[in-house]
Amino acid sequence: MTTTLNTYKTTDFKKLETKGSFTYSAPSNIALVKYWGKKENQIPANPSLSFTLNHCKTITTLQFEPKSEKGISFDLLFEGQPKESFRPKIQKYFERIQDLCPYILDYHFTINTKNTFPHSSGIASSASGMAALSANIIALEKMISTDKKEAYYNEKASLLARLGSGSACRSIKGNIVVWGETESIENSSDLFGVEFPYEVHSIFENYQDTILLVDKGEKQVSSTVGHELMHNHPFAQQRFEQAHENIEQLKAILKSGDLEQFMALVESEALTLHAMMMTSMPYFILMKPNTLEIIQQLWKFRQETKIPVCFTLDAGANVHILYPEKYKKEVQDFIENQLSVYCQNGQFINDEMGFGIMEL
Ligand code: DP6
């Protein structure tokens with residue numbers, strides 16, 4: 001069965017007469033197979049797979065108040081204070097979801113949002129932010145429209161999050177999420193993220209991710225512009241095919257628990273992502289000298305200790321260090337003693353696999 005967008009269009013709903021609110025948290029996620037390149041309407045050019053995180057979260061309260069005139073209307077607060085710079089992204093989000101959620105036009109919203117990670121860390125919060133907001137919208141939908149199955153609401157929450165920011169659709173559920181239709185993953189979809197439906201080796205339980213904050217400055221090139229540059233990119237087609245192959249391979253690796261293969265695939269994905277940036281026209285580099293220092297030190301440590309620890313990168317200079325829970329002490333000592341010097345103000349965040357959105 002192919003699911004179409006129309007399945008998620010809510011046509012039958014009532015209007016609440018009194019105001020109310022919800023609060024949801026949503027975590028960040030780290031892609032192992034990267035989403036890089038998209039088509040119209042936030043449809044990914046290739047499938048991606050991520051680990052949902054646990055500590056790096058956005059907490060969003062959505063207040064709704066019925067109003068007489070229909071239209072998009074909201075106030076936006078960050079940690080209780082008006083935040084004008086977030087408005088355009090949220091305005092665009094509401095515009096994109098209004099067809100699927102026409103009930104939003106009946107309310108004035110006050111969105112109050114905060115992050116659990118340090119304000120100064122500079123880590124992008126669009127994934128957790130859009131997932132938390134979408135979880136709230138779906139909570140409203142549950143109140144005002146006819147009952148649907150839980151799976152439907154999860155899919156729709158992920159679909160809405162995707163319209164805010166692609167990677168956000170992988171933050172609704174845990175612990176491993178696939179987004180983008182691909183042959184090796186049953187029921188995978190371009191419209192929303194699905195929980196990885198196969199057996200996973202116990203070595204991946206509570207997998208650890210320490211995020212090394214190398215550079216907190218504004219990125220010179222945003223992800224959105226980076227995705228654009230995959231149009232007419234000389235290596236795009238091969239890259240998109242490779243992502244399908246890597247997901248298929250990763251499916252086998254997640255089952256077998258072969259960490260040698262896991263590390264090779266994950267690091268290759270990270271470097272391929274940055275290779276795409278370096279071979280775009282115009283080209284750009286988001287890694288910093290300390291990104292490379294960290295990678296070199298990590299490889300040395302791995303060779304000397306044989307501890308299976310590897311890295312991945314997002315669209316930025318920060319480095320995610322991934323390792324099994326049983327090596328937590330050794331790896332975290334190594335990070336503290338040898339890698340933190342390459343981080344801005346020595347900052348890093350210890351995180352681990354988590355399960356997705358939560359009502360508070
Ligand atoms: C490199 O989800 O931030 O982190 O859909 O334009 O909001 P938009 O892009 P975004 O892209 C994230 C790209 C990535 C890889 C990934 O998370 O898969």
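A: Two strands pair if DSSP finds at least two bridges between them; strands here are DSSP runs of E with at least two residues, and helices are runs of H or I with at least four, numbered from the N terminus. In this predicted model, β2 and β6 meet that condition with four bridges, and their pairing is antiparallel.

Q: What else should be known before reading the numbers?

A: Because the model is predicted, local features need pLDDT of at least 70 and side-chain atom pairs count only at pLDDT 80 or more, while totals for chains, interfaces and linings use all residues. Residues are numbered from 1 along each chain as its sequence is written, and side-chain values use heavy atoms, with hydrogens and water left out.

Q: Which residue of β6 stands opposite Ser50?

A: Val177 in β6 takes that place. Ser50 is also the bridge partner of Ala31, through the antiparallel pairing in which twelve bridges join strand β1 (residues 20-33) to β2.

Q: How many bridges join β2 to strand β5?

A: Nine bridges connect β2 with β5 (residues 107-115), and the two strands run antiparallel. Within this pairing, Pro66 faces Tyr107, and Leu62 has Ile111 as its bridge partner.

Q: In which sense do strand β3 and β5 pair, parallel or antiparallel?

A: The sense is parallel: five bridges link β3 (residues 74-78) to β5. One opposed couple here is Asp75 with Thr110 of β5.

Q: Why is strand β2 described as largely enclosed by the rest of the structure?

A: Burial is read from relative accessible area: buried is under 20%, exposed is over 50%, and partly exposed is in between (1.4 Å probe, protein chains only). Strand β2 (residues 48-66) has 14 of its 19 residues buried, so the rest of the structure largely encloses it. The same reading applies to β5, where seven of the nine residues are buried, so β5 too is largely enclosed.

Q: How many residues of strand β8 are buried?

A: Five of the five residues of β8 (residues 208-212) are buried. In a regular strand, side chains alternate between the two faces of the sheet. In β8, Gln208, Thr210 and Leu212 lie on one side, Asp209 and Ile211 lie on the other, and all are buried, so both faces are covered.

Q: Which strands flank β8 in the order of its sheet?

A: The order is β9-β10-β8-β11, an open sheet of four strands with antiparallel pairing. Its edge strands are β9 (310-313) and β11, each of which pairs on one side only. Strand β10 (residues 319-323) is joined to β8 by five bridges and runs antiparallel to it; in this pairing, Gln208 has Tyr323 as its partner. Strand β11 (residues 348-352) is likewise joined to β8 by five bridges and runs antiparallel. Across that pairing, Asp209 is opposite Asp351 and Thr210 is opposite Asn350.

Q: Where is the place of Ser188?

A: Ser188 sits in the loop between β6 (176-179) and β7 (193-195). Ser188 has a relative accessible area of 10%, which means that it is buried.

Q: Which backbone nitrogen lies 2.9 Å from a polar atom of the side chain of Ser188?

A: A polar contact is a pair of N or O atoms within 3.5 Å; within protein, one must be able to donate a hydrogen and the other to accept it, and residues adjacent in sequence count only if both atoms are side-chain atoms. The nitrogen in question belongs to Thr182. The backbone oxygen of Ile185 is 2.8 Å from a polar atom of the Ser188 side chain.

Q: How many residues surround the ligand?

A: A residue is near the ligand if one of its heavy atoms lies within 4 Å of it. The ligand has 16 residues around it, and the closest are Tyr35, Lys38, Ser165, Gly166 and Ser167. Helix α4 (residues 223-228) gives the most to this shell, with three residues.

Q: Which polar atoms of the protein lie by the ligand's oxygen atoms?

A: An N or O atom in the Lys38 side chain is 2.7 Å from a ligand oxygen. Gly166 places a polar backbone atom 2.7 Å from an oxygen atom of the ligand. For Thr224, a polar side-chain atom is 3.2 Å from a ligand oxygen.
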